[in-house]
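Me: Please take a close look at how side chains bond and pair in this model, beginning with the cysteines. I would like each statement tied to its place in the fold and to how far it is covered by the rest of the protein.

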Amino acid sequence: VSGFKMRVIIAYSPTNVEDNDSKKDEFYKSLKKASENIGKNRQLVFTGDFNAETAVVLEKTEFNSIDIFEDSICNNNGQRLKSFCQAKHLCLPQSYFTHPLDLWYTWCSCDGKTKKVLDYVLRNNFVQRYITDCVVNPDFKGDTDHRLLVTSLKTPMNKASRWKPKRRKTQKPKDISALEINEVRSLFIEKTKTCLQETQKDAWFLTPSNLLD
């Protein structure tokens, strides 16, 4: 894509009803192996059917693998998916946008009564900031019971446009009225004396006589 290269890894996880955990362990071991030695200036993208259920993609939670979210429907595959995201510092783009609930479901049963989110896109923070949308396309018809999950990106055309100035931290104004409290005023005076004494010691080396010596 414009601005950087990507390695796209298409995945299919064993279903959650399988009791054989070794298959799931082997699946995530393969994912980890595929994410190594990708080279410089290349970004990782994971996508596919992870057979994982988690509530963090059913609303706008902005899951970034760092913050902790309450998860009411997380199954075993869902926990494995989130653990993998935490290990690789990956985001779930589906959780960054607001859409009707029906446009989140990626799988529907034949009778249309059961609907779940089983397909996911995993990306790091660098790629996430260029994603403009991630939503199911209900009009796409294919020979599958899964629905097409479309992720849109608007990537930078050159290195200069990828640069973003760092945000300066703004300090909150001090509450001067707190000095009216005796304990606060006494503590302020003591700290001020200590700072002045340390400043005087440091200033000794900058006196004219010392500079001439």
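Reply: A disulfide is counted here when two cysteine sulfur atoms lie within 2.5 Å of each other. By that criterion this predicted model holds zero disulfides. For C85 the reason can be read from the distance, because its sulfur is 8.2 Å from the closest cysteine sulfur, that of C91, which is too far for a bond. C85 itself counts as buried, at 1% relative accessibility, and C134 is buried as well, with a relative accessible area of 0%.

Before turning to the charged pairs, it helps to set out the frame in which they sit. The protein has six helices and eight strands, and along the sequence these follow the pattern β-α-β-α-β-β-β-β-α-β-β-α-α-α. Of its 213 residues, 34% are buried, and the accessible surface comes to about 15,000 Å², with 54% of that area belonging to carbon and sulfur atoms. When contacts between residues at least 6 apart in sequence are considered, 69% of them join residues at least 24 apart.

Side chains of opposite charge can pair when their charged atoms come close. A search of the whole structure finds six salt bridges, and three of them are described here. In one of these, the side chains of D25 and R80 meet at 2.7 Å, N to O. This pair links distant parts of the chain, since D25 belongs to helix α1 and R80 to helix α2, with their positions 55 residues apart in the numbering. D25 is not shut away from the surface, for at 43% relative accessibility it counts as partly exposed.

Another salt bridge joins the side chains of K115 and D102, with an N to O distance of 3.1 Å. Here too the pair links distant parts of the chain, although the separation is 13 residues: K115 lies in strand β5 (residues 115-116), whereas D102 lies in the loop between β3 (90-91) and β4 (107-108). Both partners count as partly exposed, K115 at 35% relative accessibility and D102 at 34%. Salt bridges that share partners then join D102, K115 and R147 into one network.

A further salt bridge is formed by the side chains of K60 and E62, which meet at 4.0 Å, N to O; the cut-off that admits a pair is a nitrogen to oxygen distance within 4 Å. K60 counts as partly exposed at 47% relative accessibility, and E62 does so at 35%. E62, which lies in the loop between β2 and α2 (76-88), is also of interest for its backbone, because most residues other than glycine have a negative phi. E62 has a positive phi of about 55 degrees although it is not a glycine.

N37 shows a positive phi of about 55 degrees as well, and it too is not a glycine. N37 is placed in the loop between α1 (21-34) and β2 (42-49). There N37 counts as exposed, with 76% relative accessibility, whereas E62 is partly exposed.

The loop between β2 and α2 also holds N75, an uncharged counterpoint to the pairs above only in the sense that its side chain meets backbone atoms. A polar atom of the N75 side chain lies 2.6 Å from the backbone nitrogen of G78, and a polar atom of that side chain lies 3.4 Å from the backbone nitrogen of N77. N75 is buried, with a relative accessible area of 14%. Its surroundings reach beyond its neighbours in sequence: leaving aside residues within four places, N75 is in contact with N16, N51, A52 and E53.

Taken together, the answer on bonding is that disulfides number zero while salt bridges number six. Among the salt bridges, D25 with R80 connects helix α1 to helix α2, and K115 with D102 connects strand β5 to the loop between β3 and β4.

Key:
Residues are numbered from 1 along each chain as its sequence is written. This is a predicted model: local features need pLDDT of at least 70, side-chain atom pairs count only at pLDDT 80 or more; totals for chains, interfaces and linings use all residues. Side-chain values use heavy atoms; hydrogens and water are left out. Helices (H or I, at least four residues) and strands (E, at least two) are DSSP runs, numbered from the N terminus. Buried means under 20% relative accessible area, exposed over 50%, partly exposed in between (1.4 Å probe, protein chains only). Contact means heavy atoms within 4.5 Å. Accessible areas come from the Shrake-Rupley method with a 1.4 Å probe; for residues, only the protein chains shown count as cover. A polar contact is a pair of N or O atoms within 3.5 Å; within protein, one must be able to donate a hydrogen and the other to accept it, and residues adjacent in sequence count only if both atoms are side-chain atoms.
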